Amino acid sequence: MVNDLVLNCRTKLEFVNLPDDAQLKLAADELERLMKTRFAGKKAPGQIVEVFFEVKENAKGFSVKALKNALLFTAPTALEILYAVYDLAEEYLGYCFFEPGIDHLDVTGGKVVLSVGKYLIRNRVPALKLRGLVQEFPFTDEDYIIADWMVKNKLNFLQTWLKYYEEITEDLQDYFDLRGIEIIGGGHNFSFLIPGEKYAKTHPDFFAERNGERIKPSSAKSALLLSEQLCTTNPELREELVKNIIEYSNTHPRIKSLNLSPNDGFGWCECKECSTLYDKNIKGELYSRSEHVHQANSIYHQLLK
Ligand SMILES: [Zn+2]
């Protein structure tokens, strides 16, 4: 039909005026690769389908339209052109990117018929600005697979512990960057920023008071650090935290966001100053949990403020 755009094993994609942009280049390579696998066939490709990638800052979300012998991708950013490629693959070519490392594809060969002039994907805008997950294990080569899976599912941030962020290679960081995934340094990081082994002896008052005594913090290398918080109202501790956060940012210039998060568990400080921030008489049904939430709400948020 003259009003149809037919994709099959004879289809040869031709990218028109492809700008010199790494994300658009990746989008083009991915579209080419996904089409080639989908329409694997014996006939040599010869029927040209032109592909236009249009990045328009004011575009409302990303769209894909079938034209006469052409596909038109429009999006406000190059990254969203890449998203459009993956959505087109899932919704029209039969792919499913459910599982990291595997492009599920039920059908190969045959043809896909698209109506000319019709939007295949129209003005798609993510409902959430931040879409991601927390990585609570060190970076390995498997992270290349995770990053690939994340962008196919339009995820854009990965939060990891600062101790793991330390170990990320430049190459892996580039791989995440290219896929529009920001790596946020975070996790339970009081212990990373104020390690017990460095401060416990010289500054015992940096650490929480429990039952009338300052806690003896575990080594910074211990796995969980359950219920070992800081004495967050101590002005000297606050100054040291800020100093260490600034120093960390300066020595890790690629980090754009860094969170400040308590150690795992409970254990909030009961010193005179900290205990003015909460009412010891307020207790919920689940004593330990509600005590913790109640204290964290006041102590922790006051520190952040
Ligand atoms: Zn305190």
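Tutor: Two strands count as paired if DSSP finds at least two bridges between them. Keep that in mind for this predicted model, where an open sheet of five strands runs in the order β2-β3-β5-β4-β9, with mixed pairing.

Student: What makes β2 and β9 the edges of the sheet?

Tutor: Count partners. β2 (11-15) and β9 (119-124) each have a single partner strand, so one side of each is left without a neighbour in the sheet. On average, neighbouring strands here are turned by 20 degrees against each other, ignoring direction.

Student: How do you know that β4 and β5 pair?

Tutor: Pairing needs at least two bridges, and five bridges join β4 (residues 62-67) to β5 (residues 70-75), so the pair qualifies. The two strands run antiparallel, and Ser-63 stands opposite Thr-74 in β5.

Student: Which strands do the helices α1 and α2 lie across?

Tutor: Helix α1 (residues 22-38) lies across β2, β3 (47-55) and β5, at about 175 degrees to β2. An angle over 145 degrees counts as roughly antiparallel, so that label fits α1 and β2. Helix α2 (residues 78-92) lies across β3, β4, β5 and β9, at about 140 degrees to β9. That value falls in none of the named ranges, so α2 and β9 count as oblique.

Student: Why are α1 and α2 called roughly parallel to each other?

Tutor: They pack at an angle of about 10 degrees, with their axes 8 Å apart. The cut-off is under 35 degrees, so the pair is roughly parallel. Residues at the contact include Leu-24, Ala-27 and Leu-31 in α1, and Leu-82, Val-85 and Ala-89 in α2.

Student: Now α5. How do you know that its buried residues line one face?

Tutor: In α5 (residues 170-178), the buried ones are Leu-172, Gln-173 and Phe-176. Looking down the axis, they fall within an arc of 100 degrees, so they line one face of the helix. Those residues pack against α3 (142-152), β11 (157-161), α4 (162-165) and β12 (182-186). After α5 comes Gly-180, with a positive phi near 70 degrees.

Student: What makes Cys-231 and Cys-269 buried?

Tutor: The limit is under 20% relative accessible area. Cys-231 has 3%, so Cys-231 is buried. Cys-269 has 0%, so the label holds there too.

Student: How many disulfides does a search of the whole structure find?

Tutor: Zero. A disulfide needs a pair of cysteine sulfur atoms within 2.5 Å, so no pair in the structure meets that cut-off.

Technical notes: Residues are numbered from 1 along each chain as its sequence is written. This is a predicted model: local features need pLDDT of at least 70, side-chain atom pairs count only at pLDDT 80 or more; totals for chains, interfaces and linings use all residues. Side-chain values use heavy atoms; hydrogens and water are left out. Buried means under 20% relative accessible area, exposed over 50%, partly exposed in between (1.4 Å probe, protein chains only). Helices (H or I, at least four residues) and strands (E, at least two) are DSSP runs, numbered from the N terminus. The arc is that of the directions from the helix axis to the C-beta atoms. Contact means heavy atoms within 4.5 Å. Axes are lines fitted to C-alpha atoms, for helices over the stretch in contact, and angles run from 0 to 180 degrees between N-to-C directions. Angles under 35 degrees count as roughly parallel, over 145 as roughly antiparallel, 65 to 115 as roughly perpendicular and the rest as oblique.
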